[in-house]
Amino acid sequence: MYGKGLKTLSIATVATLAAAACLVFFYAPSDADQGFVQKIFYLHVPLAIVALAGFVVAAVHAIRHLRTGDRRHDARSYVAIHLSIIFGTAVLVTGAIWAKASWGKWWVWDEPTLVSFLIVFLLYATYYPFRYAIEDSERQARYASVFAITAGAFVPLNFIAVRLAESLVHPRVFATAEGGMPGKMWLTFAVSIAGMALLWTTLVKFELTAKNASGQLKRLRRALDAPDAGTQSRIAPELS
Amino acid sequence: MPALPLDEAGKYVAGAYVVFLVLILVYVAIMASKLQRIERELRELAGFAEQRRRGEGEGAPRPRGAAGRDAETEERVDRVAEEMRAR
């Protein structure tokens, strides 16, 4: 039952995101260097962390799929990648807006943080055409899992590369020599990241519930010998 | 670069938060349309099952399915329904 607990999770998500918004605009102090523009940080960074963590979750489900052969893990991996790509799109757009406000440019090509995230994002963007190119559903699921594991290995590499790189303009706020963020900013950031993680989990659960309902409907149609509606997706894995 | 004044910075901050909100709303709208499709198909299927049940009651031929398959089909329907209840 994928729908179990969805209502509670949705309420928790809305409450946490509302609390985060209140903290961002009424509690957290403005950054001494960047001023009010720094408020984008509480949206952009949690989105990036959750998107990258989502890719790792997809890789874990892909491993479980290859080990057990259970198609439900393939569906979970697929949905995790789907949501992380949506979050990744938001990361790129909000990052570009922040860059324009802070640096006067929408994009900086010699900045490793930006470029490495773009590489990971584009890598995952090829997941759909890759999956779509394979007709046989068994092979499709297996190859997609191999892809998710291989691409998932790039995510920690991305984190490490970013930390090792000599950044020119991208700010460092965690564990810096100056001591990083003050307590109020940390609290706001922690609530923001919790809200974003809850949102990601809720949407994953929501999509899996819809997929499960669709799969059960198809099974029922087959059992009743009813004519096929012909609306089933070719690429999306089914939970039947 | 020096910090932007509030009136100018506000536009960028609002833009970033609105973009995020729009993305989520678009996703939810797409999911809602998928759920509507599932609901429509479920209604069609319920109508199909009802039509077949009425056909059986009147001794009329079934809308689909070959002769001799009825008991087997019913068994499959029961099995799927039981599995769905168990989940």
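The expected span of a helix is 1.5 Å times one less than its number of residues, and that yardstick serves at two stops of this tour through a predicted model.

**Before selecting anything.** The model as a whole scores ipTM 0.83 and pTM 0.81. If you colour chain B by confidence, keep in mind that its pLDDT averages 77 and that 67% of its residues score at least 70. Where pLDDT is low, the predicted coordinates should not be read in detail.

**Chain A as a whole.** Select chain A and show it as a cartoon: there are eight helices and zero strands, so that the order of elements from the N terminus reads α-α-α-α-α-α-α-α. Of its 240 residues, 39% count as buried. Among the contacts in chain A with a separation of 6 or more, 79% are made by residues 24 or more positions apart.

**Helix H2 of chain A.** Next select residues 41-68, the 28 residues of H2(A), whose first and last C-alpha atoms lie 40 Å apart, close to the 40 Å expected at 1.5 Å a residue. Then step to A:Gly69, which follows H2(A) and has a positive phi, near 80°.

**Helix H4 of chain A.** Move on to residues 112-125, where the 14 residues of H4(A) should span 20 Å at 1.5 Å a residue, and where the distance of 19 Å between the end C-alpha atoms agrees with that expectation. Show the side chains of A:Thr113, A:Leu114, A:Phe117, A:Val120 and A:Tyr124, which are the buried residues to look for in this helix. When you turn the view to look down the axis of H4(A), these buried residues fall within an arc of 135°, and therefore they line one face of the helix. To see what covers them, add the surrounding elements of chain A, which include H2, H3 (71-103), H5 (127-132), H6 (137-152) and H7 (154-164).

**Where H3 and H4 of chain A meet.** Keep H4(A) in view together with H3(A): the two helices pack at an angle of about 145°, with their axes 10 Å apart, and their crossing is left-handed. On the H3(A) side, the residues to select include A:Ile81, A:Ile85, A:Gly88 and A:Leu92, while those they meet in H4(A) include A:Leu114, A:Phe117, A:Phe121 and A:Tyr124.

**A:Arg221.** Now go to helix H8 (residues 183-223) of chain A and pick out A:Arg221. Is this residue buried or partly exposed? A:Arg221 has 19 C-beta neighbours inside 10 Å, and because a residue must have 20 or more to be buried, it counts as partly exposed. A distance drawn from A:Arg221 to A:Ala153, 68 residues away in sequence, comes to 40 Å between C-alpha atoms.

**Chain B and its contacts.** Turn to chain B, which consists of two helices and zero strands, and in which 8% of the 87 residues count as buried. Select the residues through which the chains touch: 33 residues of chain B are in contact with 38 residues of chain A. On the side of chain B that touches chain A, H1(B) and H2(B) (70-86) each supply at least two residues, and the largest share, 22 residues, comes from H1(B).

**B:Gly10.** For the last stop, stay with H1(B) (residues 6-57) and select B:Gly10, which lies in this helix. With 14 other C-beta atoms within 10 Å, B:Gly10 is partly exposed. A distance drawn from B:Gly10 to B:Gly47, 37 residues apart along the chain, shows their C-alpha atoms separated by 54 Å.

Definitions and conventions
Residues are numbered from 1 along each chain as its sequence is written. Chains are lettered from A and ligands numbered from 1 in the order in which they are written. Helices (H or I, at least four residues) and strands (E, at least two) are DSSP runs, numbered from the N terminus. A residue is buried if 20 or more other C-beta atoms lie within 10 Å of its own, exposed if 12 or fewer, and partly exposed in between; C-beta atoms are placed from the backbone. pLDDT is the predictor's confidence in each residue, from 0 to 100. The arc is that of the directions from the helix axis to the C-beta atoms. Two residues are in contact if their C-beta atoms, placed from the backbone, lie within 7 Å. Axes are lines fitted to C-alpha atoms, for helices over the stretch in contact, and angles run from 0 to 180 degrees between N-to-C directions. A crossing is left-handed if the near helix is turned anticlockwise from the far one by less than a right angle, and right-handed if clockwise.
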